[in-house]
Amino acid sequence: MSPVNGILFDRFGARGLTVAGLGLCLSSAVLFGMVGPGVTALYLGAAYALLMLGVSMVSMPLTTTALNSLPPHLIAHGTAMNNTVRTIAGALATAVLVAIMTTVSGGGESSPLPSGSFAGADAAFWVLAGVVALALVFARKVASRRSAAFLEEGEGQIGAIRSRRYACR
């Protein structure tokens, strides 16, 4: 998805991709929040594919926009900070969601019904859906600059690549 997201980033900017990607993540979290004992593997696979598509549409434009806003001598430090914060935030979010899941499903006690596990997982995904919905509110603040290549060439990355290739001849 990265090449396609790159072209879409040139055309629509970071805000458009971020909002669309968060919308897909929200849809996926809602689908996961409705999982029950009768759910099929196809349902889970489709919900997961939707989630991964949304994550790819969110992470690239936000990272690119954040790093492009730094002066060139700070880009390496910005990349290191981005990777560190992303890793720590992922670990903390996982811990919180697992704690929610464990608490709702019975606090680690063995339940005679498997539906207790589903209730815990559903609760964790509904909390995740709330966090993603909050992120959608903040996504409106993301800068929405289109890339210079798209604005100059009118064709996005393809036009920029063509113009560089012909300029070298």
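**Exercise 1. The span of helix α1**

What does helix α1 (residues 2-33) span between its end C-alpha atoms, and what would a straight helix of 32 residues span?

Solution. The structure is a predicted model, and the values below are computed from it. Begin with the expectation: at 1.5 Å a residue, a straight helix of 32 residues would span 46 Å. Turn next to the model, in which the end C-alpha atoms of α1 span only 27 Å. Finally, look along the helix for a change of direction, which is found at Gly13, where α1 bends by about 115°.

**Exercise 2. The spans of α2 and α3**

Compare the expected span with the span in the model for helix α2 (residues 41-68) and for helix α3 (75-104).

Solution. For α2, take the 28 residues at 1.5 Å a residue, which should give a span of 40 Å; the end C-alpha atoms are 40 Å apart, so the two values agree. For α3, which has 30 residues, the expected value is 44 Å, and the reach from the first C-alpha to the last is 43 Å, close to that expectation. Beyond the end of the helix, note that α3 is followed by Gly106, whose phi is positive, near 130°.

**Exercise 3. The protein as a whole**

Describe the elements of the protein, its burial, its contacts and its surface.

Solution. Count the elements to begin with: there are 6 helices and 0 strands, and from the N terminus on they run α-α-α-α-α-α. Then consider burial, for which 24% of the 169 residues count as buried. Among contacts between residues at least 6 apart in sequence, 69% join residues at least 24 apart. The accessible surface comes to about 10500 Å², and 70% of that surface belongs to carbon and sulfur atoms.

**Exercise 4. Residues of helix α2**

Which residues of α2 are buried, and are Ala46 and Tyr48 buried or partly exposed?

Solution. The buried residues of α2 are Ala47, Leu51, Gly54, Ser56, Met57, Val58, Pro61 and Leu67, and what covers these buried residues includes α1 and α3. Ala46, also placed in α2, has a relative accessible area of 47%, and because partly exposed residues lie between the 20% limit for buried and the 50% limit for exposed, Ala46 is partly exposed. Tyr48, likewise found in α2, counts as partly exposed at 47% relative accessibility.

Now follow three residues of α2 to partners elsewhere in the sequence. Ala46 and Ser28 are 18 residues apart in sequence, while their C-alpha atoms are 8.6 Å apart in space. Tyr48 and Cys25 are 23 residues apart in sequence and 9.4 Å apart, C-alpha to C-alpha. Ser56 and Ser2 are 54 residues apart in sequence, yet 7.2 Å separates their C-alpha atoms in space. If the neighbours within four places in sequence are left aside, Ser56 is in contact with Met1, Asn5 and Pro61.

**Exercise 5. The largest pocket**

How many residues line the largest pocket, and which helix supplies the largest share of the lining?

Solution. Take the volume first: about 990 Å³ of space lies in the largest pocket. The lining is made up of 28 residues, and those that lie nearest the centre are Val55, Val58, Arg86, Ala89 and Gly90. Sorting the lining by helix, one finds that α1, α2, α3 and α4 (115-139) each supply at least two residues. The largest share, 9 residues, comes from α3. Val58 links this exercise to the previous one, since this residue of α2 is buried and is also among the residues nearest the centre of the pocket.

Methods: Residues numbered from 1 in each chain as written. Predicted model: local features only at pLDDT ≥ 70, side-chain atom pairs only at ≥ 80, totals over all residues. Heavy atoms only, no water. Helix = DSSP H or I, 4+ residues; strand = E, 2+ residues; numbered from the N terminus. Expected span 1.5 Å × (residues − 1). Bend = angle between axes of the 7 residues up to and from the residue. Buried < 20%, exposed > 50% of the residue type's maximum accessible area, 1.4 Å probe, protein only. Contact = heavy atoms within 4.5 Å. Areas by Shrake-Rupley, 256 points an atom, 1.4 Å probe, with all protein chains shown as cover. 1 Å grid on protein atoms, 1.4 Å probe; cavity = no way out; pocket = protein on both sides within 12 Å on 5 of 7 lines; lining within 4 Å. Points joined across faces, edges and corners; volume = space filled by probe spheres on them.
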